Amino acid sequence: MSISSDIEALHIDASEAPEVLKTFSRDTSIFERKPTIVAYPKNADEVASLVRFVHAEHEKGRLLSIAPRAAGTDMTGGPLTDSIVLSFTKYMNKVIEVGSEHVAAEPGIYYRDLEKQTLAKSGALIPSYPASREICALGGMIGNNSGGELTLRYGKTSQYVESLDVVLADGSKAVFKALSQSELAQKESLQTLEGSIYRGVHDLVLNNQTLID
């Protein structure tokens, strides 16, 4: 089966149109890599489904990979691949909730649209305020830990991320956020990829504490 047939079987919107592949072969860097196909997930379940498929195929020796992409304003070639681009701006671009001091949103929402809603409802914005704010999207801001003209005063994007709903490399879902010692111990006891990640990161910190300090 072709990769397009495989993704179609997962009921995920995708495109192999030459003009689409050309657009997604570039970000704002000097690099260029033409993807095989561009997939547009509508929700986290579709993301997980595609990741599980790619993971299973990779285990069989099939050379597939995924490059997640928000607005493509990265200047390092990060969202480029010759395999599958996972593009979030088409469907996963919603603000879920705006509180007095927080906002929950999907990775494909453009910063300019997010800013309008947060300012209107709470008078707040994400202070990292990237230079590409008129064209960048939230997922890329978080993935790149973006900064901008207010960074020296307020810090980068990572300082304003309270939690992340993620899909791990095996297609399982997890929520990453600050944990207490007891919560960390509970996470480390999990015999899953999530548990392995917590154990591995904790070991890295403990074994390199002097260097980190």
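Helices (H or I, at least four residues) and strands (E, at least two) are DSSP runs, numbered from the N terminus. This is a predicted model, in which local features need pLDDT of at least 70, side-chain atom pairs count only at pLDDT 80 or more, and totals for chains, interfaces and linings use all residues. Residues are numbered from 1 along each chain as its sequence is written, and side-chain values use heavy atoms, with hydrogens and water left out.

**Exercise 1. Place Ile37 and state whether Ile37 is buried or exposed.**

Step 1. Find the element. Ile37 sits in strand E2.

Step 2. Apply the cut-offs. Buried means under 20% relative accessible area, exposed over 50%, and partly exposed in between (1.4 Å probe, protein chains only). Areas come from the Shrake-Rupley method; for residues, only the protein chains shown count as cover. Ile37 has a relative accessible area of 2%, so Ile37 is buried.

Step 3. List partners. Contact means heavy atoms within 4.5 Å. Setting aside neighbours within four places in sequence, Ile37 is in contact with residues including Ile3, Ser4, Leu21, Ile84 and Val85.

Step 4. Check one pair. Val85 is 48 residues from Ile37 in sequence, yet their C-alpha atoms are 6.5 Å apart.

**Exercise 2. Describe the surroundings of Ser4.**

Step 1. Ser4 belongs to helix H1.

Step 2. Outside the four-place sequence window, Ser4 contacts Glu16 and Ile37.

Step 3. Look for a polar contact (a pair of N or O atoms within 3.5 Å; within protein, one must be able to donate a hydrogen and the other to accept it, and residues adjacent in sequence count only if both atoms are side-chain atoms). The side chains of Ser4 and Ser2 make one, at 2.9 Å.

**Exercise 3. Which residues touch the most other members of the largest nonpolar core?**

Step 1. Define the set. A nonpolar core joins buried Ala, Val, Leu, Ile, Met, Phe, Trp, Tyr and Cys residues through side-chain atoms within 4.5 Å.

Step 2. Pick the hubs. Among its 15 residues, these are Ile3, Ile7, Leu50 and Ile84.

Step 3. Assign elements. Two or more residues each come from helix H1 (3-9), strand E2 (37-40), helix H3 (44-59) and strand E4 (84-87). H3 gives the largest share, five residues.

Step 4. Inspect one hub. Not counting residues up to four places away in sequence, Leu50 touches Ile7, Leu10, Ile12, Ala39, Ile66, Ile84 and Leu86.

Step 5. Look elsewhere. Another core of nine residues lies apart, with Val95, Ile126, Tyr129 and Cys136 among them.
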